[in-house]
Amino acid sequence: DRVTALEMSPLDDQFLAGSEEAVRLWDLRSPNCQGAVSIIGRPAIAFDPSGLVFAVALGCTLRLYDVKIFDQGPFDTAMIGQSLNLNTASIVATQLEFSSDGKNILVTTAADAHYIVDSYNPSSTRFRLVGHYSYGNEVFQSGGEACWTPDGKFVVSGSRDGSIYVWDIAKAMADQAAGLLKPYKVLKAHGTPSHIVAFNPKFLMMVSGSTEL
């Protein structure tokens, strides 16, 4: 049962491990699995900043679980992009990440769009982030194609053209915008596809990865 996703709890020593058969909750203080959610497919997983809720995405389906009673099933389920009248069958999540305030979820894909979902009302997809270039038929998917900045104001993404694309989520929220959102800025970074981006929140440093860092 090959592990395809790992996520540490921000609250304690628990962590999630996802495979194509189950998402399991483990505790570093115990040799035994704390419980599992059965699935079919490759999951994207994330804890919210409080560590009390975790999200699981399979394709375009997003499920939210209470850590304490996750074995009872999700407390909310939604289709990513449905509120924007999109063809949800074409959406395949590769990574999930909650914003620093826990109010929104970034749904990353390897296609030509990422999504911002309201974590308190997951049936509402607030934004479809476009303007970058999809990875096409490339086999490699990092699961880290996009991420939040530590302050939760921007989303940054890699792209097939090697550039780093930046969307101003805070401004779009303040303007009460919705739907399609184009990049605020484009940074020239690599000569080959930029597959992964990540932040060090302590030092406010961003790293991007292609064939080199």
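This report describes strand pairing, aromatic contacts and cysteines in a predicted model.

## Strands 11, 12 and 16

Strand 11, which covers residues 114-118, pairs with strand 12, residues 125-129, in the antiparallel sense, and 4 bridges hold the pairing. The connection between strand 11 and strand 12 is a hairpin of 6 residues, and one of the bridges can be placed at residue level, since Val-117 has Thr-125 of strand 12 as its bridge partner.

Strand 12 also pairs with strand 16, residues 179-181, but here the two strands run parallel and are joined by 3 bridges. Within this pairing, Arg-128 stands opposite Leu-180 of strand 16. Strand 12 therefore takes part in both kinds of arrangement, antiparallel with strand 11 and parallel with strand 16, the two senses in which strands of a sheet can pair through backbone hydrogen bonds.

## The four-stranded sheet

An open sheet is built from 4 strands in the order 13-14-15-17, and its pairing is antiparallel. Strand 13 (146-148) and strand 17 lie at the edges and have a single partner strand each, so that one side of each is left without a neighbour in the sheet. From one strand to the next, the twist averages 20°.

Inside this order, strand 14 and strand 15, the latter spanning residues 164-168, are paired in the antiparallel sense over 4 bridges. The bridge partner of Ser-157 is Tyr-165, which belongs to strand 15. As a general point, side chains in a regular strand alternate between the two faces of the sheet.

## Aromatic pairs

The model contains 4 aromatic pairs. One of them is formed by Phe-154 and Tyr-184, whose ring centres are 5.7 Å apart and whose planes make an angle of 35°, so the pair is classed as tilted, because that class takes the angles that are neither under 30 degrees nor over 60. This contact links distant parts of the chain, with Phe-154 in strand 14 (residues 154-157) and Tyr-184, 30 residues apart from it, in the loop between strand 16 and strand 17 (185-187). Tyr-184 has a relative accessible area of 49% and is therefore partly exposed, given that exposed requires a value over 50%.

Elsewhere, ring pairs join Phe-47, Phe-54, Tyr-65 and Phe-70 into a cluster.

## Cysteines

The structure has 0 disulfides. Two cysteines can be described by their accessibility: Cys-60 counts as buried at 10% relative accessibility, and Cys-147 likewise counts as buried, at 4%, because the limit for this class is under 20% relative accessible area.

Conventions: Residues are numbered from 1 along each chain as its sequence is written. This is a predicted model: local features need pLDDT of at least 70, side-chain atom pairs count only at pLDDT 80 or more; totals for chains, interfaces and linings use all residues. Side-chain values use heavy atoms; hydrogens and water are left out. Two strands pair if DSSP finds at least two bridges between them. Rings of Phe, Tyr and Trp (its six-membered ring) pair if their centres lie within 6.5 Å; planes under 30 degrees apart count as stacked, over 60 as edge-to-face and the rest as tilted. Buried means under 20% relative accessible area, exposed over 50%, partly exposed in between (1.4 Å probe, protein chains only). Axes are lines fitted to C-alpha atoms, for helices over the stretch in contact, and angles run from 0 to 180 degrees between N-to-C directions. A disulfide is a pair of cysteine sulfur atoms within 2.5 Å.
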